[in-house]
Amino acid sequence: MNKGIAIYPGSFDPPTNGHLDLMERGAKIFEELVVAILRNSEKSPMFNVAERLEMLRALTGHLKNVRIDTFDGLMVEYAKSMEAICILRGIRAISDYEYELQMALMNRKLEPTLETVFMMPADKYSYVSSRLVREVAQAGGPVKGLVPEIVEQRLRDKITPVKQRETRAIEILDRIDLGGKELDPKGTKRKKKA
Ligand code: PNS
């Protein structure tokens with residue numbers, strides 16, 4: 001075991017089984033692993049930072065040397081303030097490599113003493129990303145096995161009210177008389193007025 005702190009930064013929107021797999025691997029190697037959620041992400045997130053913080057804390061309760069935190073601004077500045085010796089990032093496939101290499105080299109330029117360490121999650125998670133999980137969940141598809149159960153439930157809680165509102169809006173629109181057309185009693189198909 002290496003004596004030192006490693007930072008595992010990311011968006012974690014939402015945390016996936018791949019993220020958790022990497023945290024478990026990282027926790028075995030480093031003395032302490034700080035999972036750091038970026039606060040000032042430009043993207044409009046599905047889960048706010050407080051929700052992601054809470055989910056990640058619940059998911060890593062069994063990993064005694066893993067801490068969850070948030071950060072803003074430059075990641076290398078945050079890592080320095082934590083006295084970290086390295087940055088941990090996951091690489092799933094070649095497609096991740098270019099972006100990760102660019103980021104690692106930029107971080108090295110900003111802070112030459114900080115190393116980036118790459119680890120691979122289990123191959124069964126090699127296709128799992130937060131973005132795809134959000135996409136599948138938003139379209140009402142199953143995400144079982146891709147995210148931990150806590151996250152699966154949170155996705156359901158988040159998406160069900162949205163889906164219900166959409167269905168209700170479609171029902172209302174179906175009952176509105178648009179452009180002089182007559183509604184059929186069930187509101188499912190419209191007939192031209194005589
Ligand atoms: O999970 P993600 O979205 O791939 O994580 C990207 C993250 C948060 C690690 C990266 O965007 C980051 O470190 N942002 C902080 C700003 C920064 O330091 N940028 C320069 C790094 S090239």
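This is a short walk through the charged pairs, one helix and one surface patch of this structure. Before we start, keep in mind that what you see is a predicted model.

Okay, salt bridges. The structure holds 13 of them, and I'll pick out a few.

Let's begin with Asp13 and Arg134, whose side chains form a salt bridge at 3.8 Å, N to O. Where do these two sit? Asp13 is in the loop between strand E1 (2-10) and helix H1 (17-29), while Arg134 is in helix H5, so to speak a long way down the chain: they are 121 residues apart, and the pair links distant parts of the chain. And is Asp13 buried or exposed? With a relative accessibility of 6%, Asp13 counts as buried.

Now, Asp13 has another charged residue to look at, Arg52, over in helix H2 (residues 49-59). Arg52 is buried but has no salt bridge. Its nearest side chain of opposite charge is Asp13, 4.1 Å away, and a salt bridge needs the nitrogen within 4 Å of the carboxyl oxygen, so this pair doesn't count. What does Arg52 have, then? A polar atom of its side chain lies 2.8 Å from the backbone oxygen of Phe47.

Next pair: Arg89 and Glu100, with a salt bridge at 2.8 Å, N to O. Arg89 belongs to strand E4 (residues 84-90) and Glu100 to helix H4, so this pair ties together parts that are eleven residues apart in sequence. Both ends are buried: Arg89 has a relative accessible area of 16%, and Glu100 has 4%.

Compare that with Glu115 and Arg108, which meet in a salt bridge at 3.4 Å. Here Glu115 is partly exposed, at 38% relative accessibility, and Arg108 is partly exposed too, at 42%. There's also a network: Glu77, Lys80 and Glu111 are joined by salt bridges that share partners.

Back to helix H5, residues 130-138. Which of its residues are buried? They are Ser130, Val133 and Ala137. Looking down the axis of H5, these buried residues fall within an arc of 60°, so they line one face of the helix. Just after H5 comes Gly140, which has a positive phi of about 85°.

Last stop, the surface. Leu74, Met106 and Leu110 make a nonpolar patch of about 280 Å² there. Of those, Met106 is found in helix H4, which runs over residues 94-110; Glu100, from our buried pair, is in H4 as well.

That's my tour, thanks.

Key. Residues numbered from 1 in each chain as written. Predicted model: local features only at pLDDT ≥ 70, side-chain atom pairs only at ≥ 80, totals over all residues. Heavy atoms only, no water. Patch = residues over 30% accessible without salt bridge, like charges linked within 9 Å, V, L, I, M, F, W, Y side chains within 5 Å. Areas by Shrake-Rupley, 256 points an atom, 1.4 Å probe, with all protein chains shown as cover. Helix = DSSP H or I, 4+ residues; strand = E, 2+ residues; numbered from the N terminus. Buried < 20%, exposed > 50% of the residue type's maximum accessible area, 1.4 Å probe, protein only. Arc of directions from axis to C-beta. Lys, Arg positive; Asp, Glu negative; His and termini not counted. Polar contact = N/O pair within 3.5 Å; in protein donor to acceptor, adjacent residues only side chain to side chain.
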